[in-house]
Structures are given as structure tokens and as C-alpha cells.
Amino acid sequence: MQFGLGLRAEHYEQILEQKPKLDWFEIISEDFLVSGGSPLYYLDKIRENYPLSMHGVSMSIGSTDPLNWDYLKQLKALKERIEPLWISDHLCWTGIRGINTHDLLPLPYTEEAIKHVSERVLQVQDFLGEALVLENVSSYITYKDSELSELDFLVAVAERADCLILLDVNNVYVSGFNHGFNASDYLNAVPIKRVKQFHLAGHKRFENHIIDTHDAKIIEEVWQLYSEAVRRFGPVATLIERDDNIPPLTELMEELDYARSVAVGATLAVALLD
Amino acid sequence: MKLIEIQSAVQAYLLKTELNENCFLTQDLACLKERLDIYREGYYWRLQSVLKSDYAGLERYLGESDFDDLMIAYLKIHPSQSFSVRSVGMKLPEFIRTQYPDKVIWAELAQFECSLNTALYSEDLARLSMEALKLIALEQWPEWVFRLHPSVELLSFNYNAPEFWESLMSEDHELDIVKYAEPQAYLVWSKLRESYFCPISLDEKRMFECIQQQENFATLCERLCEFIPEERVVQWVSGVLQRWISDELFIAA
């Protein structure tokens, strides 16, 4: 089973000097779609010692704007540069009419959206030459026109586009709280064969809602949900994301060690029951 | 509602606080606004964080509150239109020039910081060295064309914006803003993943512009003879070239 961390600029030098023991780093693709400078310097150096996966935030696969082929060409060039383990982005949209809100906005769960997104995913997969891995986003709003649940929408897109799923366990927890659905039931209905990777992250709790801030430690309830996920899906690659309030690398490595122990415990529990 | 109508409604709230209640499933309006504001506030917070980082000197000069007001005014007219959040502030210098034409120092500080940032992400190309230059045969010199590294930019300021920025960013900020009698030229460039700047003289600006226009060495010297005595021009040009090669302004042949 693979365990990894999001690659953050704050840790570049330490990673090169100390070569911490983990299986891979996940990059934010857009940070490296530049002509040169520090980002590509460190990317190439780190790639010499670690596998990398590419995780994008601007594909906007659900937008009604046309696909951004300039962006996709640059993404493909980056893919050829670093030969990533896989390429992922989010099942969402980020803007229309040429605007990028740089936020991962939820889609309405409709047949129109399933058809629209699936067709675009197929085009992107054909262009990149591999299956895309789509992440379930956390959300705070629901649309009157939604005909399905978030889960059914995710599964329908994955099946129709024959793509893979990056199952963000924290996002399942956050959206479950915000919209009143059972997070465990959600996990139990995701097709096992489609899940390529897990994300784990922290969030911020308010009175009536949770915001997916990725700026805090993972809470016990999310660890429990992760344990359930490992018991259902098996040894799926697991990554801890931290996007803000970035702590020292040692702290994230300790959290990753804890993820390993939770996964080992869950795997043993399954073996004992069998 | 069609998908495009739903997305239009969401974006309209994020960017203009225009609310179409019919789009959303909600128990009450206050709850809906609270949830939509998570996205709207997140949008401004995220982009303002990037702008604060890119224009740290301008923020120090204006103060946090005035800088935030300026950024909100900027984002209302120039929402991000790039897949990279790094590009969100690229139009700020022009925005200040057009919207605040009397605030010349604001625009010049912004332009300087924008140029420093842009230089950092230029293509990594091998630089011309003195050793490589010494290998050029004498007969090749007249036709030789120096090629600038893509990070190199020529700027012109009415104020001492670069030096003032440097002072702002230091711990003991003491320098005052100075208005020049004539616009002063500066070069900005990157080397080894850091950005640099220096003021240049009028003659150096003339020489730089010849190089920018890809004039060969012979033409470069001829042009400068209009301003520098002929018997001194080659020596003068060589001195400037040595300095600029040491600063890694040129790419290898």
C-alpha cells in the first residue's frame, strides 16, 4: 500500500536534503505549468528520487465553457516531463465565460450534467492517453434541479466515462455533515474497482456547517471513516493533503505514519473476520 | 434550469452578489446566503492572498486596509481568467495607471513587483559566459548578435520605485520616495532562481535597445558613435558587455 504527501514549496529543501521515507508526492499540476524558474528546478530534482502524481485544480471538467486545450496541452507536456503515476482533477467546475474562480464548485446532479461531464472526460482521456482520476469535492450548496444524490452522480460519471475515482474521505465526511447524508453509506456504494486513491485532510467546524479548509490535522471521525474505507476498498494509495497553515514536514510524516497504522489495523480486522 | 443557467447563477453570486434563489435548494434565505458566502468569501480570500504575496511591497506602502480595498476594486474589474492563480495580478499595474492616474508611485511599485515576479518564471536557457565569448573568432565579431535571456526586461520609472521597494522590504525602511527630473531606466532579470534589478544610464539604455532589436555588434557600435566618441566606443561597449555577461543577461549561442 502506498502512502504519500502533497508536495509543498515550504518543504522542497528539506525533501532534497533529508529524503524522507514515503512512497510518492502529489503535485498541484498548475503550480508547474510555467516556463522555468524554481518550480521546475525543484520538480525535476524531487522527481529524481520520488514518483509523482499530478493533481489539478483548473481542468473545470464540468464547466459549460469549451475544454481549454491550451491548458490540456501544457498538462500533457508536464505529463511527458515527469511521467506521473496518474493524473487527477475534481468532479466540479471552476468558472464560465472565461473566468476562473479558483474554487471547486459543485455540479447539479442531473442527467444533463452526467452526459456533459462524461463526454468531456472521454475527450480528455483520449488526449492524455490514460484514464483520468476524478475527485469528489466537498460542497455547501444543493440545487433544486438535482435529480440524483451526489454519490449516484459520481458513480454514473465514472461508469459512463470509464474513469477512476480519487475518493476524498474528508470530503465525504464534510459533505455528509453539510447535506445530512450518511458518510459510511456513501463509501459502501462506491464501486471498489474504480477507486484509485484516497485523500485525507483536515477541515474547520462551524455551528451549522464544516468548511473544507485543508489547514488542520485530520480529526478522529475522519480517521474512523478512513478505516472503514480501507476495510472496503483494500490497499488503495493514500495521501494526506495540507494546503494552508503548512506545518513542518516532520509533523506531516507523523500524520502519515498514523495513516499507515490505521490502514494496518483495518486490514488486520478484515483478515480476522475472514 | 439548464446547466449553463445554473452555473451563471452561481458565478453571478460569487462575483457580483446577485442572488437567484430559484436555483438553489434551501430551507431559508439566511442559510442559503451563509452557504453561498463560503464560496464568495473563499474566492476573494484566495485571490487576495496571492495578490498580497505578489505585491508585498505595495501592501507595505499602502497599509493592509487600503491595499485590500484596492485589490477588491481590481478583482471586480479583472477577475482571474487563467488556469494559474499566479497570473491573477498581471493586470494590476495597468489597472492602477488607468483608474488612479495621479498615483504614479503606486503604479510604478506595482509594475516593478510584477516584473520581478515575471522574471522568476522565465524559461531556463543556458547563459552566455565570458569563456564562451573568448572563443568567438575575431572575424565573427562584427556580425555577432547578442541574444537576451527571456527574463530580461527594460523598465522606465519617474520615481525611485525599485530602490524604494527594496527599502520597504528591508527591516529598517529609511528611504524616501524621490521623483526623478527625467525618467530613469532599469533592467530586471533573473539568475539562479532569484530576480535582480539595476539602474542603467541613457547610453546603456541605447545599447540595450540595439541588442533588443537584434542589431549585430558592428551596427551596435556604429549607433552608439552618435553619442560616444568613436575612439572610445568599442572599449565602452566591451565594458558594459562584460558587466552584463557577468550578470547573465544573455543566452548562449
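Two residues are in contact here if their C-beta atoms, placed from the backbone, lie within 7 Å. Keep in mind that everything below comes from a predicted model.

**View 1. Where chain A meets chain B.** With that cut-off, the contact takes 36 residues from chain A and 36 residues from chain B. On the chain A side, the elements that chip in two or more residues are helix H2 (38-47), helix H4 (111-128) and strand S6 (142-143). As for chemistry, the chain A side that touches chain B splits into 15 nonpolar, 16 polar and five charged residues.

**View 2. A strand pairing that links the two chains.** Zoom in on S6(A), and you find it paired with strand S1 (residues 24-25) of chain B. The two run in the antiparallel sense, held over two bridges. A:Thr142 sits opposite B:Leu25 in S1(B).

**View 3. Parallel strands at the start of chain A.** Strand S1 (residues 3-6) of chain A and strand S2 (residues 24-28) of chain A run parallel, with three bridges joining them. A:Gly4 has A:Trp24 in S2(A) as its bridge partner. To get from S1(A) to S2(A), the chain goes through helix H1 (residues 12-18) of chain A, making a right-handed β-α-β crossover.

**View 4. On to the next strand of chain A.** S2(A) also pairs in the parallel sense with strand S3 (residues 52-55) of chain A, over four bridges. Here A:Phe25 has A:Leu52 in S3(A) as its bridge partner. The route from S2(A) to S3(A) passes through H2(A), and this β-α-β crossover is right-handed. H2(A) is also one of the elements giving two or more residues to the side that touches chain B.

**View 5. Around A:Ala263.** This residue is found in helix H9 (residues 249-273) of chain A. A:Ala263 counts as buried because it has 22 C-beta neighbours inside 10 Å, and the cut-off for buried is 20 or more. Skip the neighbours within four places in sequence, and A:Ala263 is in contact with A:Met1, A:Val230 and A:Thr238. A:Phe153, by comparison, is 110 residues from A:Ala263 in sequence and 28 Å from it in space, C-alpha to C-alpha.

**View 6. Stepping back to chain B.** Chain B has 11 helices and four strands. Its radius of gyration is 24 Å, well over the 18 Å that the globule rule gives for 253 residues, so chain B is more spread out than a compact globule. Along its principal axes, the C-alpha trace of chain B spans about 85 × 40 × 30 Å. Of the 253 residues of chain B, 32% count as buried.

Definitions and conventions: Residues numbered from 1 in each chain as written. Chains lettered and ligands numbered in written order. Predicted model: local features only at pLDDT ≥ 70, side-chain atom pairs only at ≥ 80, totals over all residues. Nonpolar A, V, L, I, M, F, W, Y, C, P; charged D, E, K, R; others polar. Pairing = 2+ DSSP bridges. Buried ≥ 20, exposed ≤ 12 C-beta atoms within 10 Å, placed from the backbone. Rg over C-alpha atoms; globule rule 2.2 N^0.38 Å. Right-handed = clockwise from strand over helix to strand, strands pointing away.
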